[in-house]
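Visitor: I would like to learn how to read a model of this kind, feature by feature. Could you guide me through the general idea each time, and then through the case at hand?

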Amino acid sequence: MRIQILLFAQLREAVGYEQKTIEASNGETVGSVARRFFDSNLAGFLNLPVRFALNEDFVAEETLLKDGDRLAIIPPVAGG
Amino acid sequence: MNYITDQPVSRAGLEMGKANESSGAKVTFVGYVRNHNDGKIVDKLYYECYPSMAEKQIQNIINRAKAIWNIKNVRVLHRVGWLRIGDIAVFVSVEAEHRDGAFLACRWVIDTIKQDVPIWKKEFYSDHPEGWVSASSVKEVPACG
């Protein structure tokens, strides 16, 4: 299945793009896909306390992905 | 409703009027761009945003505030893009039947925006390299007596 990963702020700057579509296996979770992405592309940010959003709602790492999901990796926010 | 804008925010336009005749109190919070942070001199800043999620999360925050306190109306506007010192970054106003609910809800809404809305701030300094800022965590929902 195909998952669209969205990146922001320091993570976007580090990889040099805002989004990327990746292949994932059926049954994979948010956490497993995110860990693989960090290991390959964002190894310098493994200690950054990120959160995840699927289709614009915060989700837990254990959430199962489905084909076509938009997975946003949310670094620490600072609005206001 | 659009809660995110890339245009300058005018306080005068936002504070006019009172939408609900049963409201007895209105509390407003205005956040400005400060000229210093964490011992560094701030020249300007850039707010990055995930717009569709930010709109959705702010609507969720407003809905939760309305469910917790007996409030009549909530207004939120957050600016993104490039801001200068003294610019308005965020505006929150809450109308309620009584002042207790208005004060508590306004405080909770701005605190929760800072914690849960996907907006990121990059500060540019006179005396240090620029950097992304992390916000402090939100407090528990206070009780309304």
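**Salt bridges, the interface and backbone angles**

Guide: Let us begin with one residue and its surroundings, keeping in mind that this is a predicted model. Lys72(B) has a relative accessibility of 25% and therefore counts as partly exposed, since the buried class ends at 20% and the exposed class begins over 50%.

Visitor: Which residue does the side chain of Lys72(B) meet in a salt bridge?

Guide: The partner is Glu97(B), with a distance of 3.8 Å from N to O. Lys72(B) belongs to strand β5 (residues 71–79) of chain B, whereas Glu97(B) sits in the loop between β7 (88–96) and α3 (99–116) of that chain, so the pair ties together parts that are 25 residues apart in sequence. Glu97(B), at 34% relative accessibility, is also classed as partly exposed.

Visitor: How many salt bridges does a search of the whole structure find?

Guide: Over all chains the search finds 13. One of them, in chain A, joins the side chains of Glu61(A) and Arg35(A) at 3.5 Å, N to O. Here Arg35(A) is in helix α2 (residues 30–41) and Glu61(A) in the loop between β4 and β5 of chain A, so this pair links parts that are 26 residues apart in sequence. Glu61(A) is partly exposed at 40% relative accessible area, and Arg35(A) is partly exposed at 49%.

Visitor: Are Lys121(B) and Glu123(B) buried or exposed?

Guide: Both Lys121(B) and Glu123(B) are buried, and their side chains meet in a salt bridge at 4.0 Å, N to O.

Visitor: How should I read the place where the two chains come together, and how many residues of each chain are in contact?

Guide: One can take the contacts, then the area, then the pairs that cross from chain to chain. In this model 21 residues of chain A are in contact with 25 residues of chain B, and the area buried between the two chains is about 1,900 Å², with carbon and sulfur atoms giving 52% of that area.

Visitor: What polar contacts and salt bridges does the rule find across the interface of chain A and chain B?

Guide: The rule finds four salt bridges across the interface, and one salt bridge between the chains is formed by the side chains of Asp116(B) and Arg51(A), at 2.9 Å from N to O. It also finds 15 residue pairs in polar contact, counting pairs in which both residues have pLDDT 80 or more. On the side of chain A that touches chain B, the elements that give two or more residues are α1, β3, β4 and β5 (70–74) of chain A. The largest share of that side comes from α1(A), with four residues. By class, the side of chain A that touches chain B has 11 nonpolar, six charged and four polar residues.

Visitor: Which sign of phi do most residues other than glycine have?

Guide: Most residues other than glycine have a negative phi, so a positive value invites a second look. Ala9(A) has a positive phi, near 55°, and is not a glycine; Asn55(A), also not a glycine, has a positive phi of about 50°.

Visitor: Where are Ala9(A) and Asn55(A) found in chain A?

Guide: Ala9(A) is found in helix α1 (residues 9–15) of chain A and is buried, with a relative accessible area of 0%. Asn55(A) has its place in the loop between β3 (51–54) and β4 (57–59) of chain A, and at 25% relative accessibility Asn55(A) counts as partly exposed.

Methods:
Residues are numbered from 1 along each chain as its sequence is written. Chains are lettered from A and ligands numbered from 1 in the order in which they are written. This is a predicted model: local features need pLDDT of at least 70, side-chain atom pairs count only at pLDDT 80 or more; totals for chains, interfaces and linings use all residues. Side-chain values use heavy atoms; hydrogens and water are left out. Buried means under 20% relative accessible area, exposed over 50%, partly exposed in between (1.4 Å probe, protein chains only). Contact means heavy atoms within 4.5 Å. Buried area is the accessible area (1.4 Å probe) that two parts lose on being put together, summed over both. A polar contact is a pair of N or O atoms within 3.5 Å; within protein, one must be able to donate a hydrogen and the other to accept it, and residues adjacent in sequence count only if both atoms are side-chain atoms. Ala, Val, Leu, Ile, Met, Phe, Trp, Tyr, Cys and Pro count as nonpolar, Asp, Glu, Lys and Arg as charged, and the others, Gly among them, as polar.
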